[in-house]
Amino acid sequence: MKIAVYPGTFDPVTNGHLDILMRASSIFDVVYVAIVINLRKEPLFSTDERIKLVRECTKDFSNVKIEKFNGLVVDFAQKVGATVVIRGLRAISDFDYEFQMALTNRNLNENVDTVFLMPHKDYTYLSSSTIREIAKFNGDVSGFVPDCVRRAMAKKFRSKK
Ligand code: ADP
């Protein structure tokens, strides 16, 4: 069994994340989406809301599991028996940070390797923070996120007004 972990904030999950997840789930036997609980910044969606949205968007993926976690990604990987961490690479600007993280994680646990996947070119510029900005000002995010996320964002910003 090849088990992989796809860690991130997913605040909220976008079509870019789902593209990477789809690719990962066709390569590995099981993929854990590991949702970070403690963040330096207050997220737009709570941990439970982020989990619920990822769950809704991935209900057709039979080998994807969703968990929340705190602490080190390599520790989470070890706990679930994963030997691979999946990360998405959009542009060269992602590379520096991701390279540093991958080598740090290898240092912490040399049995865990990082595999980078590139999304479809249409998603290379997409990020959760851009989506949050667009939605905050009532812009149309329908091409960037699944419909359940679009609706959840509209509701969230209405309630904040
Ligand atoms: P983090 O807070 O760790 O950056 P994110 O939830 O923003 O977590 O992203 C999780 C992973 O998904 C990261 O590897 C990130 O590079 C990747 N990712 C985010 N958006 C996209 C996208 N549009 N295309 C491909 N990968 C993406």
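**Exercise 1. Find which residue of S4 stands opposite Ala-4, and state how S1 and S4 run.**

Solution. Start at Ala-4 in this predicted model. Across from Ala-4 stands Val-84, a residue of S4. Next, look at the pairing as a whole: S1 and S4 are joined by two bridges and run parallel.

**Exercise 2. Determine how many bridges join S1 to S2, and what unit these strands make with H1.**

Solution. Take one pair to begin with: Ile-3 stands opposite Val-30, which belongs to S2. Then count the bridges between S1 and S2; there are six, and the two strands run parallel. Last, add the helix H1. Together, S1, H1 and S2 form a β-α-β unit, and this unit is right-handed.

**Exercise 3. Sort the residues of S1 by the way they point, and decide whether they are buried or exposed.**

Solution. First recall a rule: side chains in a regular strand alternate between the two faces of the sheet. Now apply the sorting to S1. One way point Ile-3, Val-5 and Pro-7; the other way point Ala-4, Tyr-6 and Gly-8. Buried means under 20% relative accessible area, and all of these residues are buried. Since six of the six residues of S1 are buried, the strand is largely enclosed by the rest of the structure.

**Exercise 4. Describe the largest nonpolar core and the part that Ile-86 plays among its contacts.**

Solution. Begin with the size: this core has 34 residues. The residues with the most contacts inside it are Val-13, Val-33, Ile-86, Val-149 and Met-153. Next, ask where the core residues come from. Elements that each supply at least two of them include strand S1 (3-8), helix H1 (15-27), strand S4 (84-88) and helix H6 (147-160). Of the contributors, H6 gives the most, namely five residues.

Then turn to Ile-86. With neighbours within four places in sequence left aside, its contacts include Ala-4, Val-5, Tyr-6 and Pro-7. Others among them are Ile-20, Ala-24, Phe-28, Val-115 and Leu-117.

Finally, separate this core from a second one, which has 14 residues, among them Tyr-32, Ala-34, Val-80 and Val-85.

**Exercise 5. List the closest residues around the ligand and give the distances of its polar contacts with His-17, Gly-88 and Leu-126.**

Solution. The ligand is surrounded by 15 residues, and the closest are Tyr-6, Thr-9, Phe-10, Gly-88 and Tyr-123. For the distances, take one residue at a time:

- His-17: a side-chain N or O atom is 3.2 Å from an oxygen atom of the ligand.
- Gly-88: a backbone N or O atom is 2.8 Å from an oxygen atom of the ligand.
- Leu-126: a backbone N or O atom is 2.9 Å from a nitrogen atom of the ligand.

Definitions and conventions:
Residues are numbered from 1 along each chain as its sequence is written. This is a predicted model: local features need pLDDT of at least 70, side-chain atom pairs count only at pLDDT 80 or more; totals for chains, interfaces and linings use all residues. Side-chain values use heavy atoms; hydrogens and water are left out. A nonpolar core is a set of buried Ala, Val, Leu, Ile, Met, Phe, Trp, Tyr and Cys residues joined through side-chain atoms within 4.5 Å. Buried means under 20% relative accessible area, exposed over 50%, partly exposed in between (1.4 Å probe, protein chains only). Helices (H or I, at least four residues) and strands (E, at least two) are DSSP runs, numbered from the N terminus. Contact means heavy atoms within 4.5 Å. Two strands pair if DSSP finds at least two bridges between them. A crossover is right-handed if, with the strands pointing away from the viewer, the path from the first strand over the helix to the second runs clockwise. A residue is near a molecule or strand if one of its heavy atoms lies within 4 Å of it. A polar contact is a pair of N or O atoms within 3.5 Å; within protein, one must be able to donate a hydrogen and the other to accept it, and residues adjacent in sequence count only if both atoms are side-chain atoms.
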